[in-house]
Amino acid sequence: MINILCVGDVVGGIGCAFLREKLPALKKLKQIDLTIVNGENAADGNGVTPGSVQHLLDSGADVVTTGNHSFRRRESYELYDSCEPLLRPANYPAAAPGKGLYIADLGRVRVAVLNIMGTVYMESLRSPFETLDELLSRPDLPKLRVVDFHAEATGEKRAMGFFADGRVTAFFGTHTHVPTADPCLLPQGTGYLTDVGMTGPIDSVLGVKPEIIINRYLTKMPARFDLAKGPCRMDCAVFTADEATGLCTGVERLSIT
């Protein structure tokens with residue numbers, strides 16, 4: 001059996017610091033073999049920087065996935081090509097920096113990590129369904145496969161989950177920063193969770209100070225999104241899989257405070 005930990009969107013420096021504080025003990029407790037962290041908001045002000053990515057890797061992440069803020073910071077562009085464990089959604093054009101697939105070699109077993117982005121209420125990218133089909137057709141893919149589907153609409157996430165059922169080990173959603181209460185095994189053996197949640201301040205609106213977001217709704221005026229402070233939580237999920245079949249045997253959703 002193999003245990004794969006998937007961690008929800010890390011928000012800013014405060015989220016990065018909390019991850020570093022909590023991740024090592026959790027990995028030991030749950031006997032984690034592979035840790036996947038969505039880091040697209042890890043830099044203060046959204047996006048990733050070389051420093052924020054290195055912080056996540058040094059804190060225990062084996063793979064860092066991203067999403068619609070992948071290219072928010074220009075200083076990260078070259079990093080996508082030089083740092084193999086840093087992924088951007090695979091359905092970005094091929095001309096964009098980086099890749100959407102990484103195969104982690106754990107010694108006794110390999111695990112393919114796929115990063116794909118939804119298109120409902122998001123950017124107009126290539127169909128995530130076609131992209132997943134193409135990636136799964138690669139002859140070099142190991143049996144163990146994990147998908148981070150960075151998407152807004154829960155319906156699109158659910159549809160993609162069933163589309164991937166039986167073809168991937170685990171399928172988890174990111175982007176909304178709000179964890180969903182639907183961890184399950186789909187009929188063909190794929191572990192599923194619509195959205196894993198967020199790593200950042202609890203008393204916030206998606207990591208941002210509530211008063212800033214409230215005032216934006218009241219006035220419709222632009223505002224700087226300053227991160228909230230105070231106690232944090234790390235939303236995550238553990239997928240346990242059978243190495244022989246590549247299918248999931250259990251899903252556990254966690255919120256670490």
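The following exchange introduces the nonpolar cores and the open sheet of this predicted model.

Colleague: Which helix gives the most to the largest nonpolar core?

Modeller: That core has 31 residues, and Leu 5, Val 7, Leu 19, Leu 56 and Leu 86 are those with the most contacts inside it. Two or more residues come from each of strand E1 (2–7), helix H1 (12–29), helix H2 (50–58), helix H3 (77–82) and strand E12 (232–241). Giving five residues, the element that contributes the most is H1.

Colleague: How many residues does the other core have?

Modeller: In the largest core, Leu 56 touches Val 10, Cys 16 and Leu 19, among others, when residues up to four places away in sequence are not counted. The other core lies apart from the largest one and includes Leu 34, Ile 36, Val 63 and Phe 239. Its size is 22 residues.

Colleague: Which are the edge strands of the open sheet?

Modeller: Six strands form this sheet with mixed pairing, in the order E5-E6-E7-E8-E10-E9. An edge strand here pairs on one side only, which leaves E5 (101–105) and E9 (184–185).

Colleague: What is the bridge partner of Val 111 in E7?

Modeller: Strand E6 (residues 110–117) and strand E7 (residues 144–150) run parallel and are joined by seven bridges. Within E7, the partner of Val 111 is Leu 144.

Colleague: What angle does the direction of helix H5 make with that of E8?

Modeller: Helix H4 (residues 128–136) lies across E5, E6 and E7, at about 160° to E6. Helix H5 (residues 154–164) also packs on the sheet, where it touches E7, E8 (170–174) and E10 (191–193). With E8, the direction of H5 makes an angle of about 165°.

Note on methods:
Residues are numbered from 1 along each chain as its sequence is written. This is a predicted model: local features need pLDDT of at least 70, side-chain atom pairs count only at pLDDT 80 or more; totals for chains, interfaces and linings use all residues. Side-chain values use heavy atoms; hydrogens and water are left out. A nonpolar core is a set of buried Ala, Val, Leu, Ile, Met, Phe, Trp, Tyr and Cys residues joined through side-chain atoms within 4.5 Å. Buried means under 20% relative accessible area, exposed over 50%, partly exposed in between (1.4 Å probe, protein chains only). Helices (H or I, at least four residues) and strands (E, at least two) are DSSP runs, numbered from the N terminus. Contact means heavy atoms within 4.5 Å. Two strands pair if DSSP finds at least two bridges between them. Axes are lines fitted to C-alpha atoms, for helices over the stretch in contact, and angles run from 0 to 180 degrees between N-to-C directions.
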